Amino acid sequence: MQQQISALEKQVYISAKTISEKRKAVGSKLSSEVESLLANLGMKDARFAVSINEKPGNDIEQKCGLYGMDNIEFLISANLGSALLPLAKVASGGEMSRVMLAIKTHLMKNLGLSTIIFDEIDTGISGRTAQMVSEKMAQIGANHQILCITHLSQIASMADAHFLIEKGVEDGRTKTAIKELATEEIYMELARMLGGAEITSAVVQNAKEMKLLADKIKTY
């Protein structure tokens, strides 16, 4: 039995080493493509890297756990001259949103995914950055299905179909309802995102113009 265990451990180590080499090759490709995509999202000086280091220890049990023999970490330098540091520790909400968009764009292209879900990718972004993110999502949407939950008008306006999700109380229980919006309802929801407590005619007109402009930007 001990001989069998040793033989199996050797097979595990060889398999883990093979996966590690593949990870390093793919990590290099991912880093390059994410940097290119970030430049198109307003982060022209950003650097992105995938850190892959072998786990410490000499025993197979130490090196080859559930996720293989590597410790993997995403690193980013968002500004010119800054050092590469762990993404999870130094990235702002806006930077994290754009990195996530870039990574998912890369995965869709290389894994042949047909549908992708973005849950509040607008966290920490606004203004021109939000517009760039929405335009990139529209480009992806030309060939893939995107489901996006958002509270930001720039991103919502790019959608081909709009659904309103609301919570309400019925028979003493909280329930969630979803409703597809007609054209005028879309304008009102965009106006609600744009406006404050009072939705004026000027805000509604702004929402209409935003939606019409978004439809012109889309290339499909």
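This report describes the overall form, the side-chain pairings and selected residues of a predicted protein model.

**Overall form**

The protein chain contains eight helices and seven strands. Along the principal axes, its C-alpha atoms fill a box of roughly 80 × 55 × 30 Å. The radius of gyration of the chain is 23 Å, whereas a compact globule of 220 residues would have a value near 17 Å. Of the 220 residues in the chain, 37% are buried. The accessible surface amounts to about 13,700 Å², and carbon and sulfur atoms account for 54% of that surface. When contacts between residues at least 6 apart in sequence are considered, 55% of them join residues at least 24 apart.

**Salt bridges**

Nine salt bridges are found in a search of the whole structure. The table presents three salt bridges, each with the separation of the closest N and O atoms.

| Basic residue | Acidic residue | Closest N and O atoms |
|---|---|---|
| Lys44 | Asp45 | 3.4 Å |
| Arg128 | Glu135 | 3.9 Å |
| Lys179 | Glu185 | 2.6 Å |

How accessible are the partners in these bridges? Lys44 has a relative accessibility of 65% and therefore counts as exposed. Its partner Asp45, at 31%, counts as partly exposed. In the bridge between Arg128 and Glu135, Arg128 is exposed, with a relative accessible area of 52%, while Glu135 is partly exposed, with a value of 24%. For the bridge that joins Lys179 to Glu185, Lys179 is partly exposed at 43% relative accessibility, and Glu185 is likewise partly exposed, at 29%.

**The aromatic pair**

The count of aromatic pairs comes to one. This pair is formed by Phe48 and Phe74, whose ring centres are 5.3 Å apart and whose planes stand at 55° to each other, and the arrangement is tilted. The tilted assignment follows because planes under 30 degrees apart would count as stacked and planes over 60 as edge-to-face. Which parts of the chain does the pair link? Phe48 belongs to strand 1 (residues 47-54) and Phe74 to strand 2 (residues 70-77), so that the pair connects distant parts of the chain, with the two positions 26 residues apart in numbering.

Is each phenylalanine of the pair buried or exposed to some degree? Phe48 has a relative accessibility of 3% and therefore counts as buried. Phe74 reaches 29% and counts as partly exposed.

**Asp70 in strand 2**

Strand 2 also holds Asp70. Asp70 is buried, with a relative accessible area of 6%, because buried means under 20%. Which residues does Asp70 contact, apart from its neighbours within four places in sequence? Its contacts are Ser20, Arg23, Ile52, Asn53, Glu54 and Lys55. Met108 lies 38 residues from Asp70 along the chain, and the C-alpha atoms of Asp70 and Met108 are separated by 24 Å.

**Tyr187 in helix 7**

Tyr187 is located in helix 7, which comprises residues 183-194. The relative accessible area of Tyr187 is 13%, and this residue is therefore buried. If residues up to four places away in sequence are not counted, Tyr187 touches Ala207, Lys208, Lys211 and Leu212. The C-alpha atoms of Tyr187 and Met108 are 31 Å apart in space, and the two residues are 79 residues apart in sequence.

**A nonpolar surface patch**

Where on the chain is there a nonpolar patch on the surface? Such a patch is formed by Leu107, Leu111 and Leu113, which together present about 260 Å² of accessible area. Leu113 is situated in the loop between helix 4 (93-111) and strand 4 (115-119). At 36% relative accessibility, Leu113 counts as partly exposed. Its inclusion in the patch is consistent with this value, because patches are made of residues with over 30% relative accessible area.

Note on methods: Residues are numbered from 1 along each chain as its sequence is written. This is a predicted model: local features need pLDDT of at least 70, side-chain atom pairs count only at pLDDT 80 or more; totals for chains, interfaces and linings use all residues. Side-chain values use heavy atoms; hydrogens and water are left out. A salt bridge is a side-chain nitrogen of Lys or Arg within 4 Å of a carboxyl oxygen of Asp or Glu. Buried means under 20% relative accessible area, exposed over 50%, partly exposed in between (1.4 Å probe, protein chains only). Rings of Phe, Tyr and Trp (its six-membered ring) pair if their centres lie within 6.5 Å; planes under 30 degrees apart count as stacked, over 60 as edge-to-face and the rest as tilted. Helices (H or I, at least four residues) and strands (E, at least two) are DSSP runs, numbered from the N terminus. The radius of gyration is taken over C-alpha atoms; the globule rule is 2.2 Å times the number of residues to the power 0.38. Contact means heavy atoms within 4.5 Å. Accessible areas come from the Shrake-Rupley method with a 1.4 Å probe; for residues, only the protein chains shown count as cover. Patches are made of residues with over 30% relative accessible area and no salt bridge: like charges are joined within 9 Å, nonpolar side chains (Val, Leu, Ile, Met, Phe, Trp, Tyr) within 5 Å.
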